[in-house]
Structures are given as C-alpha cells and as structure tokens.
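Visitor: Could you walk me through one part of this model in close-up? I'd like to look at the pockets and at whatever is sitting in them.

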Amino acid sequence: MSKTPFITKEKAEEIINKYPTPFHIYDEKGIRENARRLKEAFAWNKGFKEYFAVKATPNPTILKILKEEGCGTDCSSFAELLMSKKCGFVNPEIMFSSNDTPEEEFKYASEIGAIINLDDITHIDMLEKVCGIPETICCRYNPGGTFSISTDIMDNPGDAKYGMTREQISKAFIRLKELGANNFGIHSFLASNTVSNEYYPTLARILFKLAVELKEETGVHIGFINLSGGVGVPYTPDKEPNDIYVIGQGVKKAFEEILVPAGMGDVSIFTELGRFMLAPYGHLVTTVVHEKHIYKEYIGVDACAANLMRPAMYGAYHHITVLGKENEPCDHVYDVTGSLCENNDKFAIDRKLPKIDIGDIIVIHDAGAHGFAMGYNYNGRLRSAELLLREDGSVAEIRRAETVEDYFATLDNYWNVID
Ligand SMILES: *Cc1c(COP(=O)(O)O)cnc(C)c1O
C-alpha cells in the first residue's frame with residue numbers, strides 16, 4: 001500500500017528550479033477541504049469552533065488560510081499570541097492554552113482578548129494579580145489514572161504534567177466565580193495522535209459528565225467545552241484514516257444523551273486540532289545526494305532531522321515516495337539518512353523502496369504538522385524554506401530558507417569583537 005504525493009515529479013522539478021531542496025511544501029486545496037469537512041462534521045453545534053494549534057505549523061500564510069475557513073488559533077507562548085494577533089485574529093478567536101506560564105504572557109493574552117485556559121489552580125491568583133479575572137475563563141482538567149477506549153489503554157493522564165485534579169477544578173470554578181467570571185469552559189487533552197473514531201466521543205462523555213456535575217456543584221454557567229487536540233492521522237499507509245463525520249456524530253450522540261437532558265444544550269464545542277488539520281497536507285521534499293554500501297545500504301539526502309525531527313525523536317514512521325518511481329517494485333531495503341553527526345538521523349530504517357539513484361527526488365509524507373515547527377540548528381544545519389502549492393497550481397514561498405547570517409544573528413555583539 002502507498003500514499004499519493006500531491007506533487008508529481010515534473011512539478012517537483014519545476015519547483016526545484018526556483019527553490020532548491022530541501023523544502024517543506026503545503027497543499028492549500030487539501031488544507032481548505034479538510035477544514036471544511038471538520039466544520040461540517042460539527043455543524044450540528046451552534047457555537048462550534050476549531051482553534052488551530054499554532055505550534056503544529058506556525059506560518060502566517062497557513063494561519064490566514066485557516067482563518068478564512070472560520071478557524072481561530074490556539075497558542076501557548078508570547079510569540080504564538082503575537083503571530084495570531086498580527087494575522088488579524090481578534091477576540092474571541094484566540095485560545096491561550098499554556099502551562100508553566102510566565103506572568104507577562106497572561107498579561108499579553110488578556111490585552112489581546114484571548115480566552116485564557118488555566119492549567120493550574122495557582123494561576124488564578126497570578127492572573128488576578130497581573131491582569132484581573134476575565135468574564136470568560138477556561139480550566140484544564142486532568143482525570144489522573146489511565147485513559148482507555150473500551151479496553152485499550154490509550155495514554156496515562158496520571159503521569160502528565162497538565163491540568164487540574166477533579167477536586168481542584170471544583171475549587172477553581174468556585175473561586176473564579178467569586179472573582180467575577182461568569183462564562184466557564186472546560187478543556188482536556190488525554191491522548192495524542194489517536195487513529196480511532198472513538199477518541200473524541202469518549203473524551204466528550206467524560207467532559208460532558210464533568211460539566212453537568214460542576215454546574216450542579218458550583219452553579220456556574222458553562223459556555224463551552226474544548227476537546228483540544230489529539231485526533232490524529234495514519235502515518236503508515238495500512239491504517240484507515242479517522243472519519244471526521246463519524247467523530248462529529250459520536251460527539252453529538254454524547255451531547256444529546258448527557259448535556260441536553262441537563263438543560264445544557266447551549267454549550268459550544270471547541271477543538272484545538274493541529275496534526276489533523278495540517279499533517280497530511282505537507283511534504284518534506286529532499287534530493288538524494290549520496291549512497292553508501294557498508295554493512296547496510298544507506299541513501300543520503302539533503303534534508304536531515306533538523307528539518308523533520310519526529311523519526312529521530314520518537315522513532316516515528318513517515319512514508320516515503322521516490323518521485324517518478326511510484327510504480328516500480330519496492331525490492332531494495334534502505335536506511336534513508338540525513339547528515340547530522342547523530343546516528344538517529346534516519347528518515348527510514350530498513351525501508352523497502354524502489355532502487356534509488358543519486359539525484360532522485362524524495363517526498364517525505366505527513367510532514368505538515370510538527371514538522372518544520374520542530375526544526376532546530378544542531379550541527380549548524382539551517383531551517384529550510386516553506387512553500388505553498390496554491391489552488392491554481394502556482395507555488396508561493398511563504399517562508400524563505402535560513403541563511404548563515406540568520407544562524408549568526410544572535411552573536412552580533414561577539415562577532416564584532418572578533419572581526
Ligand atoms: C499540541 C496541542 C494541541 C494540538 O495537538 P495535535 O495532536 O496536533 O492535534 C492542542 N492543544 C494543546 C493545548 C496542545 O498542547
């Protein structure tokens with residue numbers, strides 16, 4: 001089984017004439033169509049809104065496309081808030097879901113009217129001190145223990161640093177109400193990259209029941225429930241992708257069974273998806289520059305883990321297509337490597353691929369989220385450009401590649417001295 005790239009070999013060659021590899025390229029059409037499907041899947045909920053997790057793909061052009069599709073942003077740092085503000089997102093299109101938060105960031109989030117999601121009960125006093133308690137406020141919940149769907153353990157919230165305990169969230173709501181808040185939200189993120197139509201519905205049931213309890217216990221008005229991120233994508237070609245319509249209907253069923261009978265049918269559903277919104281619509285495109293035959297067969301490319309860290313960091317699988325060789329038999333076994341002086345700099349290990357030659361162009365799939373964004377400068381490697389394949393087939397550079405001047409920019413004082 002395989003995955004089909006959104007660019008052909010001919011298109012890639014045309015792009016490379018102007019923008020050398022390696023680069024990340026995003027598919028505008030795919031991004032827009034997917035965002036529309038999400039919106040449709042939750043159209044049954046009047047207040048539904050997706051707050052795109054900026055950390056997944058922090059590029060202003062991407063954020064503006066998503067804004068046109070009705071999305072807001074989810075930020076967790078000053079720079080992400082600033083980028084959202086500069087892209088024209090206004091109150092209440094920005095969610096601030098951070099943790100271990102510095103005072104200045106609460107202050108700035110409050111200034112630009114972002115909805116603040118408190119990760120910890122001690123942040124109530126901090127927020128009150130630095131900018132006062134807003135009328136609309138959200139708290140992040142951590143149920144502890146393990147999180148299962150049916151009998152499968154999906155993750156370990158009890159080991160996660162995020163959110164408040166059950167007891168803390170009640171206390172937090174009561175205290176925030178005393179301090180003037182009148183529109184409450186509940187947020188939780190219990191499992192990452194789920195490829196299961198049951199994740200959101202299962203999480204929704206937990207949060208909807210919690211919402212009913214908290215309303216009864218504390219008397220607050222609950223305006224929204226934020227299901228956060230975690231709906232994933234199949235990185236391997238053998239897995240069925242999530243069906244967002246089935247997911248939307250699963251959440252609707254829980255909503256009708258739990259919230260509607262409790263007189264809470266006016267609650268808005270929010271999401272903060274990152275990976276689901278962008279991962280499949282981004283490729284890392286790289287050229288084969290080297291082959292090496294020692295104890296194994298190595299194919300060296302001009303991208304490295306500094307351009308896409310997931311394989312090195314998590315051993316993550318990213319599917320690979322050798323452009324123009326889509327129909328050739330995968331009868332060779334290769335490690336596809338970058339140039340870092342780190343043996344984990346491998347985009348693929350023991351991967352069955354067609355025979356590869358120097359000069360071949362390779363597409364690394366599903367790099368559109370947590371790809372470029374996790375880039376770094378180890379070994380003096382520079383970040384690549386980001387390109388956008390427009391709906392009309394043209395290509396725009398939406399971030400230039402780093403230069404060595406960028407790499408040295410923070411040494412300007414020192415550099416003058418030794419010059
Ligand atoms: C990372 C993150 C997201 C997005 O997660 P995905 O797995 O990319 O969907 C959403 N909300 C918060 C608070 C996050 O930290």
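Guide: Happy to. Let's begin with the largest pocket, which holds about 1000 Å³ of space. Its lining is made up of 39 residues, and those closest to the centre are K55, Y162, F189, S192 and H370. If you want to find that lining by secondary structure, go to β3 (72–75) and α11 (310–314), the elements that give two or more residues to it. Sorted by class, the lining has 14 nonpolar, 16 polar and nine charged residues. Keep in mind throughout that this is a predicted model.

Now for the occupant: the largest pocket is where the ligand sits. Around the ligand you'll count 14 residues, with K55, E272, G274, R275 and H370 the closest of them. K55 and H370 should ring a bell, since both were also on the list of residues closest to the centre of this pocket. By class, the shell around the ligand splits into three nonpolar, six polar and five charged residues.

Zoom in a bit further and you can pick out individual polar contacts. Take E272: an N or O atom in the side chain of E272 is 2.7 Å from a nitrogen atom of the ligand. On H370, a polar side-chain atom lies 2.8 Å from an oxygen atom of the ligand. With G230 it's the backbone that takes part, as one of the polar backbone atoms of G230 is 3.2 Å from a ligand oxygen. As for how wrapped up the ligand is, on its own it has 390 Å² of accessible area, and the protein covers 90% of that.

While you're here, have a look at the second largest pocket too, with a volume of about 520 Å³. There, 23 residues form the lining, and P234, P241, P280, Y281 and D366 are the closest to the centre. Two helices are worth highlighting in your viewer: α2 (28–41) and α9 (244–259) each supply at least two residues of that lining. By class, you get ten nonpolar, seven polar and six charged residues in the lining of the second largest pocket.

Before you close the viewer, there are a few backbone details to check in the loops. The peptide bond from T21 to P22 is cis, with omega near 0 degrees, and P22 belongs to the loop between α1 (9–18) and β1 (23–27). Another cis peptide bond runs from N91 to P92, again with omega near 0 degrees. You'll find P92 in the loop that links α4 (78–86) and β4 (94–97). Carry on past β4 and you reach D100, in the loop between β4 and α5 (103–111). D100 is not a glycine, yet its phi is positive, at about 55 degrees.

Notes: Residues numbered from 1 in each chain as written. Predicted model: local features only at pLDDT ≥ 70, side-chain atom pairs only at ≥ 80, totals over all residues. Heavy atoms only, no water. Near = heavy atom within 4 Å. Polar contact = N/O pair within 3.5 Å; in protein donor to acceptor, adjacent residues only side chain to side chain. Areas by Shrake-Rupley, 256 points an atom, 1.4 Å probe, with all protein chains shown as cover. 1 Å grid on protein atoms, 1.4 Å probe; cavity = no way out; pocket = protein on both sides within 12 Å on 5 of 7 lines; lining within 4 Å. Sits in = over half its atoms within 2 Å of the grid points. Nonpolar A, V, L, I, M, F, W, Y, C, P; charged D, E, K, R; others polar. Points joined across faces, edges and corners; volume = space filled by probe spheres on them. Helix = DSSP H or I, 4+ residues; strand = E, 2+ residues; numbered from the N terminus.
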